[in-house]
Amino acid sequence: MDVSALSAPNFSPADWINTNFRKHVQDTGSDDSDAASAFIRNYVAKLQLYIFNVSRSGRTSQGKFPLFFGFQVNNAVEESSAVVVSSMPRMIKESAALQADVQRLQERMTAMREEVAAVQSETGECMATLERLNTRSQRLQVAKESLQESDGWGNLLAELEDGFERNDLKGVCDKLMALQKSLFAQEQLAGHAERVTQVEDFKNRLEALASPSVVQCFAEGNLEQAQHFVQIFTGIQRLPQLQQYYRAVQKNFWQQQWKQAIELQGADTQAQQQQQFLTLYYDQLLEHCQRQVKWCSNLFGEDCAQPFLVIAELLPALQPTRDAHILQLLKTSNERLEMLAQFSQVNQSFVLHLNSLLEQSHISLSEDLHRMLGEAVFEYFHKFIQQYPRLEETQLSTQVDRLSSNHATPSDGVRHLEESTRKLYEWLKEACERCSSITSDLALCKLITLLNGIFKRQLESFGRIQRQIGLSLGSSSYAAQSENWSLLQYTMSQLQCLADFQAQLHQFEQDLHNRMANLSSKLAKGTNRGPITIFQTCDHASRTQLLNSIADYQQKKSEATDSLGIFPQIYATLKGHFTDTHDITLNILLQPIETHLAHIRPPLDDQSTAGIEMPSFSFAPQESITQIGQYLLTLPQHLEPLLLSPSALLKQALEVCNIKYTQAIPCADILLSLVVEQCCVLYQTQILQIKSLPASAATQLSVDIEYLSNVLEELGLSINLQLGQILTLLKAAPDQYLTLSSGCEPRLVTAIRQMRNIISTQ
């Protein structure tokens, strides 16, 4: 029970009981008199119990006032209940009467629906008949109007013919517009196609009649008269033909201007002025286009793109063509690349101003016109972009050939290499700039291909200088000087030149990768609408080929270890030159050693001392081995000035030659160790060539080896393992040879045993 309503200031017992009774009916679904009586009794009992509980709680907590309030509520409830009970029979009767009325209403609505259905079935055919009659009436009306127009068709034709005879342009236009309306009204009559042909013939005659005036109007730029013709051609639905007249007049005028520019250029004797004809023509065309945009906006309204369509149709149709005339100029010029760069810059400047004019005029070109305009400016120049690599190769080859020359001395050759490397990369940077200015890098991949040949020709110069140093090492002029430190200086300089060449090649490769990445981005943007660029004029096949070539170079870059993937063969050739030059350096340092080793001979067995075993201290090192020792002791003072603090380039070159130079050891010490290592190998080879070695000779040889070992110890080095084993085998007594040879190389054991003629006990 909802007892909260009892405390409301506007509480109505009857409304409250009726509301709760309706909820009860919704919950139970029964609304007869017995259910209503049971509901009243139940609610009265609940209220009395509630009042009793309230009264008890009031007596225990707050005194008599709650009790009095409870009795008042009880009395009010009892009175309300009595009223409700007394009114229930009347309410039941009224409810029954209402139900009877509802039933009678439902029966009447059913009968009404049946009557409406009957009427619809009876009148449906009549409505269809009326619709057919209305349609026929409309057709008859149209036929009537068509017949009326047909009666006036002949009169209009006669009036049109009369107007043409009198050259009455305005009268002909008015009658032709009336004829068009009549044609539309007679669309349902027979012979419509013939009437359409007649109207089109009259339009053609009107256009022919007006064409001289139209051409003169556009040639003079008479805006008022031109607007009159716009109204006429719009009325006869021939506005596109009028715009075509406008473009034809403009193109004819600028074709004449082009011929005059060519004639003036041919009459000019200065080469620089001869190359300015395209710039002057483009400048005049831009100024005229800017004026025509405003003129066309007043003439054609929103269709202001006609001046740009004029340019798009004019430039490819110029006679003589731009490419043919420029080709004639190139044949007579000695600076072809510079001329192409100038014409390319003219194209770029012209397009830049066109884009600016479009932006300022707020003109949005259609996709087709946008493409046509770009092709009109750049299409002819793609022929020269294809020819550019050949012209660039010719110029670079000529420049490199001037660098290739024979020199009398190695010093001149090495100094020339330093200068030629500097000049080569200057020329290559200029070639890249020309590629950018002439082709916008569209020919960059082809340029890279031809650069491989240019680099190979330059590396041939390094090979020639290497061979010249090698020949100088064995020539008579240097044979007398066993310690030629000048050649060593030349080889160090050449190594530095090679490192400089490699460093600049690496930076050049990085620059090329940056250019290719930029080109790839521009080619991708070229497929979207935006400012007109040369990249939008590339055909699909060329664009795909370029992007694939760039992707291939990027893939090679990620896979390469020694290079950046563009010139791997050049890096391989360079490494060969590094190794060869370093070998020449070692040969220079080893030449005195080889000369002294060639004079070493095993001492002959003296008959006076035959059979007498002399002690080791009675032997002195041979002169040749002491000369080798003295030479080795002087090497540090010659190497340190060159390699104590080598330049970064020389350090880099030495590291390419031998991995030992990467250690945290002075380069001079590493080179000295390599010389000593090779010296030991040469000495070992010399020893193993001896056929027979008497006891005294073996002792002498061991003394020589010990001397060399002592010299190397002073240098902080030691003889190699094989020479140390040979020393052990030479000093071993015959009866202990087998025991002491344990751990030595079998090859050396056998060779020394045979030299010393020791009989094997195995």
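Colleague: In this predicted model, does Cys679 count as buried or exposed?

Modeller: The model is predicted, and side-chain atom pairs count only at pLDDT 80 or more. Cys679 has a relative accessibility of 2%, and the cut-off for burial is under 20%. Cys679 is therefore buried.

Colleague: How many disulfides does the count come to?

Modeller: A disulfide requires two cysteine sulfur atoms within 2.5 Å. The cysteine sulfur closest to that of Cys679 belongs to Cys680 and lies 5.5 Å away, so the two are too far apart for a bond. Cys680 is itself buried, with a relative accessible area of 1%. The count comes to 0 disulfides.

Colleague: At which residue does helix H14 bend?

Modeller: Helix H14 covers residues 382–403 and reaches 33 Å from its first C-alpha to its last, close to the expected 32 Å. The helix nevertheless has a bend of about 35 degrees, with Pro389 following within four residues. Both Pro389 and the residue at the bend are among the buried residues of H14. The bend is at Tyr388.

Colleague: How far apart are the end C-alpha atoms of helix H15?

Modeller: Helix H15 has 30 residues, 410–439, and should therefore span 44 Å at 1.5 Å a residue. The residue that follows H15, Ser440, has a positive phi near 55 degrees. The distance between the end C-alpha atoms of H15 agrees with the expected span, at 42 Å.

Colleague: How many aromatic pairs does the count come to, and what is the geometry of the pair formed by Tyr380 and Phe381?

Modeller: The count comes to 21 aromatic pairs. In the pair of Tyr380 and Phe381, the ring centres are 5.8 Å apart and the planes stand at 70 degrees. Planes over 60 degrees apart count as edge-to-face, so the cut-off is met. The geometry of Tyr380 and Phe381 is edge-to-face.

Colleague: Which helices are linked by the pair of Tyr425 and Phe508?

Modeller: Tyr425 and Phe508 form an edge-to-face pair, 6.3 Å centre to centre with 70 degrees between the planes. Tyr425 is buried at 2% relative accessibility, and Phe508 is buried at 5%. The two residues are 83 residues apart and join distant parts of the chain, namely helices H15 and H18.

Colleague: Which residues form one aromatic cluster with Phe253?

Modeller: The cluster contains Phe253 together with two tryptophans, Trp254 and Trp258. Its remaining members are Phe277, Tyr281 and Phe343. The residues that join Phe253 are thus Trp254, Trp258, Phe277, Tyr281 and Phe343.

Technical notes: Residues numbered from 1 in each chain as written. Heavy atoms only, no water. Buried < 20%, exposed > 50% of the residue type's maximum accessible area, 1.4 Å probe, protein only. Expected span 1.5 Å × (residues − 1). Bend = angle between axes of the 7 residues up to and from the residue. Phe/Tyr/Trp six-rings, centres within 6.5 Å; stacked < 30°, edge-to-face > 60°.
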